[in-house]
Amino acid sequence: MSEDDRTREMSRDPHPPRRPAVQAGRLWAGGVATAVIAALIAMVGFLIVRVLLQIPYLAPIEGDIIGGWDGAVQLAIAAALAALAATGLAQLLLVAVPSPMAYFGWIAGLLTAVATVYPLAFSTGPLTVRIATGVIHLVIGMAIISLVTTTVTSASTRT
């Protein structure tokens, strides 16, 4: 064996890089908990905007009490679905790409930015309603990013 071959052999890492093993049950339990929290943030945001700030968010304040909650329930369901989608994205990235949480942060952050800016740019409602919608979307997105990232960290172990 030549000296170059011996040098190459010595420089090889005997332990290849390890991929994190994911405890799927733990990951998805955290994802469901994140979905519940995201839905609750949507409901609290709705109440703050409608009751405390008196902004006719998602429905006129004078409208039927039950009818006024339809939009809030839809927002809560959308927030919960976004949290579950983020959990699925995180699991996919964990098995498919290097530095999965870096990609997750970028994707989820940009989607949160879109959800925040979209009502400001494309809604025809009053400015106060558009701002309130954007702020609620921002808070929901930040909570999802934070909680899913924490859940992935907790559910991942090095093999």
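Leucine 81 is located in helix H4 of this predicted model, where it is exposed, with a relative accessible area of 54%. This leucine belongs to a nonpolar patch on the surface that also includes Trp28, Val32, Val36, Leu40, Val73, Ile77 and Leu84, and the accessible area of the patch amounts to about 680 Å² in total. Helix H2, spanning residues 24–52, and helix H4, spanning residues 70–96, each contribute at least two residues to the patch. In soluble globular proteins, nonpolar side chains tend to be buried together. Leucine 81, by contrast, is counted as exposed because its relative accessible area of 54% lies over the 50% cut-off.

The two helices of the patch belong to an architecture of six helices and two strands, arranged along the sequence in the pattern α-β-α-α-α-α-α-β. Of the 159 residues in the protein, 31% are buried, and the accessible surface comes to about 9800 Å², with carbon and sulfur atoms accounting for 70% of that area. Among the contacts with a sequence separation of 6 or more, 73% involve residues that are 24 or more positions apart.

In the interior, the largest nonpolar core comprises 27 residues, of which Ala38, Ala42, Phe104, Ile140, Ile144, Val148 and Val152 touch the most other members. At least two residues of this core are supplied by each of H2, H4, helix H5 (100–122) and helix H6 (127–155). For alanine 38, the contacts beyond its neighbours within four places in sequence are with Ala79, Ala80, Ala83, Ile140 and Ile144; of these partners, Ile140 and Ile144 are themselves among the core residues that touch the most other members.

Alanine 76, which is likewise found in helix H4, is buried, with a relative accessible area of 10%, a value under the 20% cut-off. When neighbours within four places in sequence are left aside, alanine 76 is in contact with Ala39, Ala42 and Met43. The pair formed by alanine 76 and alanine 42 is separated by 34 residues in sequence, while the C-alpha atoms are 5.1 Å apart in space. Helix H4 thus holds both the exposed leucine 81 and the buried alanine 76.

Threonine 151, a residue of helix H6, is also buried, with a relative accessible area of 15%. Apart from neighbours within four places in sequence, threonine 151 is in contact with Arg26, Leu27, Gly30, Gly31 and Thr34. Outside the helices, isoleucine 55 is placed in the loop between H2 and H3 and nevertheless counts as buried, at 14% relative accessibility. Isoleucine 55 and valine 129 are 74 residues apart in sequence, yet the distance between them in space is 6.6 Å, taken from C-alpha to C-alpha.

Confidence in the prediction varies along the chain. The average pLDDT of the protein is 84, and 78% of the residues score at least 70. The lowest confidence is found in helix H3, residues 65–68, where the mean is 52, whereas the highest is found in H5, at 94. Helix H5 is also one of the elements that supply at least two residues of the largest nonpolar core.

Notes: Residues numbered from 1 in each chain as written. Predicted model: local features only at pLDDT ≥ 70, side-chain atom pairs only at ≥ 80, totals over all residues. Heavy atoms only, no water. Helix = DSSP H or I, 4+ residues; strand = E, 2+ residues; numbered from the N terminus. Buried < 20%, exposed > 50% of the residue type's maximum accessible area, 1.4 Å probe, protein only. Contact = heavy atoms within 4.5 Å. Areas by Shrake-Rupley, 256 points an atom, 1.4 Å probe, with all protein chains shown as cover. Patch = residues over 30% accessible without salt bridge, like charges linked within 9 Å, V, L, I, M, F, W, Y side chains within 5 Å. Salt bridge = Lys/Arg side-chain N within 4 Å of Asp/Glu carboxyl O. Core = buried A, V, L, I, M, F, W, Y, C linked by side-chain atoms within 4.5 Å. pLDDT = per-residue confidence, 0-100.
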